[in-house]
Amino acid sequence: MKYLLQVDFSYAGPWGVEMTHAMQDLAASIATEKGLIWKIWTEDAASGRAGGVYLFQSREEAQAYLDMHAARLATFGIPEVRGMIFVINEPLSAIDRAPL
């Protein structure tokens, strides 16, 4: 069974290409997280929110990452992080071409 972690938080930028350049090292670090299958980075400059959608091997790994990431974001001055973990219905997701 796989688990989806959805995270978002207030963010003042940078956005787009500047975010890509600024977050390269962070992305490389996230890629090594235990149980991570993939991450999709999300950003919405209009609402001032950023975050990501992650796929993990287990609920425990997703929760451990969420706890660690919220603590890390707090050190960046981002005190409130919304995170939700969902179990994936793989048969239905496969019908709709989910990258599982």
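This briefing describes the overall fold, the main nonpolar core and the helix α3 of the structure above. The model is predicted. The protein comprises 4 helices and 4 strands, which follow one another from the N terminus in the order β-α-α-β-β-α-β-α. Its radius of gyration is 14 Å, which agrees with the value near 13 Å for a compact globule of 100 residues.

**Overall dimensions and surface**

- Along the principal axes, the C-alpha atoms of the protein occupy a box of roughly 40 × 25 × 25 Å.
- Buried residues make up 35% of the 100 residues of the protein.
- The exposed area of the protein is about 6200 Å², and 58% of this area comes from carbon and sulfur atoms.
- Among contacts in the protein with a separation of 6 or more, 66% are between residues 24 or more positions apart.

**The largest nonpolar core**

- In soluble globular proteins, nonpolar side chains tend to be buried together.
- The largest nonpolar core of this model contains 19 residues.
- The members that touch the most other members are Leu-5, Phe-9, Tyr-11, Tyr-54 and Phe-56.
- Two or more residues of this core come from each of β1 (3–10), α2 (24–30), β3 (49–56) and α3 (59–75).
- Beyond its neighbours within four places in sequence, Tyr-11 is in contact with Met-19 and Met-23, with Gly-48, Arg-49 and Ala-50, and with Ile-78.

**Helix α3: geometry and burial**

- The 17 residues of α3 span 25 Å from the first C-alpha to the last, close to the 24 Å expected at 1.5 Å a residue.
- The buried positions of α3 are Glu-61, Ala-62, Tyr-65, Leu-66, His-69, Arg-72 and Leu-73.
- Viewed down the helix axis, the buried residues of α3 fall within an arc of 135°, so they line one face of the helix.
- An α-helix has 3.6 residues a turn, so residues three or four places apart point the same way.
- Glu-60 and Thr-75 are exposed on the other side of α3.

**Helix α3: surroundings**

- The packing partners of the buried residues of α3 are β1, α2, β3 and β4 (81–87).
- Of these partners, β1, α2 and β3 also give two or more residues to the largest nonpolar core, as does α3 itself.
- Gly-77, just after α3, adopts a positive phi of about 85°.

Technical notes
Residues are numbered from 1 along each chain as its sequence is written. This is a predicted model: local features need pLDDT of at least 70, side-chain atom pairs count only at pLDDT 80 or more; totals for chains, interfaces and linings use all residues. Side-chain values use heavy atoms; hydrogens and water are left out. A nonpolar core is a set of buried Ala, Val, Leu, Ile, Met, Phe, Trp, Tyr and Cys residues joined through side-chain atoms within 4.5 Å. Buried means under 20% relative accessible area, exposed over 50%, partly exposed in between (1.4 Å probe, protein chains only). Contact means heavy atoms within 4.5 Å. The expected span of a helix is 1.5 Å times one less than its number of residues. The arc is that of the directions from the helix axis to the C-beta atoms. The radius of gyration is taken over C-alpha atoms; the globule rule is 2.2 Å times the number of residues to the power 0.38. Accessible areas come from the Shrake-Rupley method with a 1.4 Å probe; for residues, only the protein chains shown count as cover.
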